[in-house]
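Colleague: May I ask how some of the terms applied to this model are justified? Please set each one against its definition.

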Amino acid sequence: MRLHFIESGPALLVEQGRRILVVADLHMGIESGLERHGVHITSRSASRADRVIACIEETEPDLLLLLGDVKHNVPVTSRQEYRELPGVLEAFRDRVPLRIAPGNHDGGIGRFLEPGELLPPGGALIDGVGYLHGHTHPAPELLGHLIVLGHHHPVVSLIDTVGCAARARPAYLYSGLAGPCLTEGAETLPGDRTRLLFVPAFNEFAGGIDILRLRESGIGPLSRCIDEKNAEVFLADGTYVGSPATLCPADGGG
């Protein structure tokens, strides 16, 4: 298996049999959601879609896998999403086959999809790799494999020598399971072979959770499984920056 970090996304290319381009948390229609809170921004859906297409052209994948939260507004679908999503998704599938792991923002997404494009809510195993949005427990068949998941919007804040934090940057977090963390009796599951790869959000307005607070956030079942001592953190371009344990200041602050 080979993993390629696509900085221009951020996106991930997984080579294991097929070449699968993974894009997490597009949140198309986020502008109409922000507008309801008094923040008025012109729709950037077209430029966001163009960035995905640029990643497709750069990597030439066999499959595009959108890792959940393709749309933004919940519980309803906004007029912006009705207007923009059909064309965006058609532009993707004109270039490459499409699959979608549904996220917690994706209620009603099926109306925009073709038969066979929607994966089960508990995730799917493709070429020996599990793909899951991350707001639900993984399907049992994903355990014992690498699980690629979105939902958590991981970011890392780089601290300079005088203690000033730079702008938070999208990050990948790679981790094994920290003991029995999913359900009672999880110690009988093949957790020692299960690995997690948390993928950053593609949407530039989506915000994020610092990897130092990801485990305690409890935002998804698998966040509680992060092995902070042995996990590895990578920037969007694949630069290795350490583990949560080494990034955390000695006094617990930051």
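Colleague: What makes β8 and strand β11 (residues 195–198) a pair?

Modeller: Two strands pair if DSSP finds at least two bridges between them; helices (H or I, at least four residues) and strands (E, at least two) are DSSP runs, numbered from the N terminus. β8 and β11 have 4 bridges, in the parallel sense, so they meet that definition. Within β11, phenylalanine 198 is the bridge partner of leucine 149. Strand β7 (residues 129–132) also pairs with β8 in the parallel sense, over 4 bridges, and there tyrosine 131 stands opposite valine 148.

This is a predicted model, in which local features need pLDDT of at least 70, side-chain atom pairs count only at pLDDT 80 or more, and totals for chains, interfaces and linings use all residues. Residues are numbered from 1 along each chain as its sequence is written, and side-chain values use heavy atoms, leaving out hydrogens and water.

Colleague: Why are the buried residues of helix α2 (residues 45–59) placed on the same side?

Modeller: Buried means under 20% relative accessible area, exposed over 50%, partly exposed in between (1.4 Å probe, protein chains only). In α2, Ser45, Arg48, Ala49, Val52, Ile53, Cys55, Ile56 and Thr59 are buried. Their arc, taken from the directions from the helix axis to the C-beta atoms, is only 155°, which puts them on the same side of α2. The face turned away from that buried side carries exposed Ala46, Glu57 and Glu58.

Colleague: How do you know that the span of α2 agrees with what is expected?

Modeller: The expected span is 1.5 Å times one less than the number of residues. For the 15 residues of α2 this gives 21 Å, and the end C-alpha atoms are 21 Å apart, so the two agree.
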